[in-house]
Amino acid sequence: MTIEAFDVVDLIRAKRDRNVLSMEQINWLIDAYTRGYVADEQMAAMTMAIFLNGMERREIRDLTLAMIASGETMDFSALSKRTTDKHSTGGVGDKITLPLAPLVASFGVAVPQLSGRGLGHTGGTLDKLESIPGWRASLSNAEFFEQLESVGAVISAAGSGLAPADGKLYALRDITGTVEAIPLIASSIMSKKIAEGTSALVLDVKFGSGAFLKDIEQSRELARTMVALGEDAGVATSALLTNMNVPLGLAIGNANEVRESVEVLAGGGPSDVRALTVALAREMLSLAGIVDVDVEGALDDGRAMDTWRAMIIAQGGDPDAALPAPRETQVVTAGRSGVLVEQQALPFGVAAWRLGAGRARKQDPVQHAAGIDLHAKPGDIVTEGQPLFTLSTDEPERFARALEALEAAYRIGQAGDEILTGGPLIVERIGS
Ligand code: URA
């Protein structure tokens, strides 16, 4: 019989009583949880203790390293290109990875983008891309490397071998109300990104109603914590603190977000989506040592689009195929004339999810054509009867609950009223 190094109840009590856990204790805890010795209910108590009492930077670093050590790591050093990656903490209408990966790859760097599926009100990159007929999210390691070398950009499913402790812990946090804790979010995201082996990483850390962390101060602290974790692990890391009080762009869903991404790749698209794509691309390129390049030019002259098409084709997709169309739509119009002064991200995300764009349980399918198309943004003048947004779904019985979510989500005021966007889109950069 193996003698265990620690008693988990002692460690739970220690964190409950605001004590600091040692590296040995954290290593043991994560290992024992991954191999099933520490039970879910014990880990649930521990995550709640961490949620309530926090962790020091040193503990967060040890937790991240222990989660990396729970699985395999990837190594891109054999590639002929530098690697640079981006991670967003998630938001409503956040499709930026789709235009960003091919845009950055069009400058000759490799973008190994291991992505996830949506859970809750924030959408998943893979769910969006799967609305393209034929497109395949799962690649073998050989296919992944080959595509990075030839096309430069890969967006694919992260294998379960990377930081498996995080997979288990994240599923547990999701059902125990312990997602929104800085030490747990930071170690969860950074363990996967460091295990993935990128040499540079840009974090899009969101704050506001549609973000995990609503409060800008907390998001700033999360960004600083993650940048420090990346730097400690030898990954060139920076973060942009960005506003998620209002949905990003005009499309919230899956197929409609692909359509909007393609508009951006064609040099158009909503100005906020283009601006954030360009800012993150500049940051990713600069961490990879590429500065003074015309990032916007690559959107306007078709270079990024060429890489997008190559990326989709390499993964079995048809970039020219028609995207799925919804069976049912419902248009919501302005009840009065005036100025749209408010459009809150969270309820629009929840409504899109209720229409079928997202999933309630990991195993549920998503509807690729479900979602919301916005026809006006905060600050726009609207006239009575003008369409404000269109809801789409394959199951019309979903409309009522989606509309319920939207009841207090937007407001029409009058000229001169404050426009409630919660400030600029990009608030600051964090990093050296
Ligand atoms: N994304 C992750 O991967 N982990 C978290 O904890 C939150 C967002």
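## Two helices that cross

A helix axis here is a line fitted to C-alpha atoms over the stretch in contact, and angles run from 0 to 180 degrees between N-to-C directions. With that in hand, let us look at this predicted model. Helix H3 covers residues 40–53 and helix H8 covers residues 164–174; their axes come within 10 Å and cross at roughly 75°. Angles of 65 to 115 degrees count as roughly perpendicular, so H3 and H8 are roughly perpendicular to each other.

Which residues make the contact? H3 brings Asp40, Met43, Ala44 and Thr47, while H8 offers Lys168, Leu169, Leu172 and Arg173. Sorted by class, the contact of H3 with H8 has 4 nonpolar, 3 charged and 1 polar residues.

## Around the ligand

Arg173 of H8, part of the contact with H3, also appears in the ligand's surroundings. The residues around the ligand are Tyr170, Arg173, Ile185, Ser188, Ile189, Lys192 and Phe212.

Three of these side chains are worth a look if you care about polar atoms. For Arg173, a polar side-chain atom lies 2.9 Å from an oxygen atom of the ligand. Lys192 likewise has a polar side-chain atom 2.5 Å from an oxygen atom of the ligand. For Ser188, the ligand partner is a nitrogen atom, 2.6 Å from a polar side-chain atom of the serine. How much of the ligand does the protein bury? Taken alone, the ligand exposes 240 Å², and the protein buries 90% of that.

Methods: Residues numbered from 1 in each chain as written. Predicted model: local features only at pLDDT ≥ 70, side-chain atom pairs only at ≥ 80, totals over all residues. Heavy atoms only, no water. Helix = DSSP H or I, 4+ residues; strand = E, 2+ residues; numbered from the N terminus. Parallel < 35°, antiparallel > 145°, perpendicular 65-115°, else oblique. Contact = heavy atoms within 4.5 Å. Nonpolar A, V, L, I, M, F, W, Y, C, P; charged D, E, K, R; others polar. Near = heavy atom within 4 Å. Polar contact = N/O pair within 3.5 Å; in protein donor to acceptor, adjacent residues only side chain to side chain. Areas by Shrake-Rupley, 256 points an atom, 1.4 Å probe, with all protein chains shown as cover.
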